[in-house]
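Got a minute to go through some labels and where they come from? Here is the model to look at.

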Amino acid sequence: MMRARNLLMRTTGLGLALVTALALGAGPLLAECTNRDGTSRDCTPSEKYYRCMDGADDARAQCSAGQGTRGRIGCWLFWGFDAAGCSATLYTAILIS
């Protein structure tokens, strides 16, 4: 029970941190993108989305390491929340632009 609660707290915290960072502009999480000539530019919404999903995949993999079946199911559940947050950020960026 304690292990499941710790897993829940850890994965929820990771997901909320990722979604919050993306909602606030994702400054430190997402490196600036570059043009073909090497100059920096703002990342496009789709580039931010793919980086967000990479982060969600990494968080799930870290969460799943050493877990039993229940723990891995929980990690996948919270990966779904993270993926939904990434998608919501992408849709919001498209609607605003």
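What follows is a short round of questions on the disulfides and their cysteines.

This is a predicted model, where local features need pLDDT of at least 70 and side-chain atom pairs count only at pLDDT 80 or more, while totals for chains, interfaces and linings use all residues. Residues are numbered from 1 along each chain as its sequence is written, and side-chain values use heavy atoms, with hydrogens and water left out.

Q: Why is the pair Cys33 and Cys43 called a disulfide?
A: The label goes to a pair of cysteine sulfur atoms within 2.5 Å. Here the sulfur atoms of Cys33 and Cys43 sit 2.0 Å apart, so the pair fits that definition. The torsion about their S-S bond is about 100 degrees, so this disulfide is right-handed.

Q: What makes Cys43 count as buried?
A: Buried means under 20% relative accessible area (exposed is over 50%, partly exposed in between; 1.4 Å probe, protein chains only). Cys43 comes in at 13%, so the label holds. Cys33 is buried too, at 3%.

Q: How do you know that the disulfide of Cys52 and Cys86 is left-handed?
A: The torsion about the S-S bond is about -75 degrees, so left-handed it is. Cys52 lies in helix 2 and Cys86 in helix 3 (residues 69–96), so the pair ties together parts 34 residues apart in sequence. Helices here are DSSP runs (H or I, at least four residues), numbered from the N terminus.

Q: What makes Cys75 buried?
A: Its relative accessible area is 2%, so Cys75 gets the label. A disulfide joins Cys75 to Cys63, S to S 1.9 Å, and Cys63 is buried at 5%.

Key: Helices (H or I, at least four residues) and strands (E, at least two) are DSSP runs, numbered from the N terminus.
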